[in-house]
Amino acid sequence: MAYTALFREHGVDPVHGCLAFVIGRPFVASTLVGAASFAQLKHNLAGVEAKLSEELLAGMQNIYRRYGSPSR
């Protein structure tokens with residue numbers, strides 16, 4: 001919820017923000033995108049174009065420090 005709110009504060013679609021973050025990691029060779037429809041796939045792929053500002057990345061780091069990994 002905190003990440004979603006942060007992305008929206010910065011005008012970034014949460015799906016696009018998450019995908020852009022993962023794609024931007026130097027150790028990631030590929031990203032798995034699950035889509036149940038062509039429209040969802042198109043929406044997900046638009047995340048490749050998302051740009052994350054330094055301020056947004058700092059906000060993400062602050063959330064991570066507070067709550068830990070979002071995968072838990």
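Which residues in α1 meet which residues in α4? The model is predicted, and this contact is a good place to enter it. From α1 come Ala2, Tyr3, Leu6 and Phe7. From α4 come Leu56, Gly59, Met60, Ile63, Tyr64 and Tyr67. Sorted by class, the contact has 9 nonpolar residues, 1 polar residue and no charged residues.

Now step back to the two helices themselves. Helix α1 covers residues 2-9, and helix α4 covers residues 54-67. Their axes come within 10 Å. The axes cross at roughly 165 degrees. Angles over 145 degrees count as roughly antiparallel, so α1 is roughly antiparallel to α4. The crossing of these two helices is right-handed.

Next, look at α1 by itself. Which of its residues are buried? They are Tyr3, Leu6 and Phe7. These residues cover an arc of only 100 degrees around the axis, so they sit on the same side of α1. A general rule of helices fits here. An α-helix has 3.6 residues a turn, so residues three or four places apart point the same way. The other side of α1 presents another picture: Arg8 and Glu9 are exposed there. What covers the buried residues of α1? The cover includes α4 and also α2, which spans residues 14-23. Tyr3, Leu6 and Phe7 thus have a double role, because they are the buried residues of α1 and they are also among the α1 residues that meet α4, in a helix whose buried residues share one side.

After α1 comes Gly11. The phi of Gly11 is positive, near 70 degrees.

Follow the chain into helix α2, where His16 lies. Is His16 buried or exposed? Its relative accessible area is 15%. Buried means under 20%, so His16 is buried. Neighbours within four places in sequence are left aside in what follows. On that basis, His16 is in contact with His43, Asn44, Ala46, Gly47 and Ala50.

One of those partners, Asn44, leads on to helix α3. This helix runs over residues 38-45, and Asn44 lies in it. Asn44 has a relative accessible area of 9%, so it is buried too. Which residues does Asn44 touch, again leaving aside its neighbours within four places in sequence? Its contacts are Val15, His16, Leu19, Val33, Gly34 and Ala35. His16 therefore appears here again, as a buried residue of its own in contact with Asn44.

Definitions and conventions. Residues numbered from 1 in each chain as written. Predicted model: local features only at pLDDT ≥ 70, side-chain atom pairs only at ≥ 80, totals over all residues. Heavy atoms only, no water. Axes fitted to C-alpha atoms, helices over the stretch in contact; angles between N-to-C directions. Helix = DSSP H or I, 4+ residues; strand = E, 2+ residues; numbered from the N terminus. Parallel < 35°, antiparallel > 145°, perpendicular 65-115°, else oblique. Left-handed = near helix turned anticlockwise from the far one by under 90°. Contact = heavy atoms within 4.5 Å. Nonpolar A, V, L, I, M, F, W, Y, C, P; charged D, E, K, R; others polar. Buried < 20%, exposed > 50% of the residue type's maximum accessible area, 1.4 Å probe, protein only. Arc of directions from axis to C-beta.
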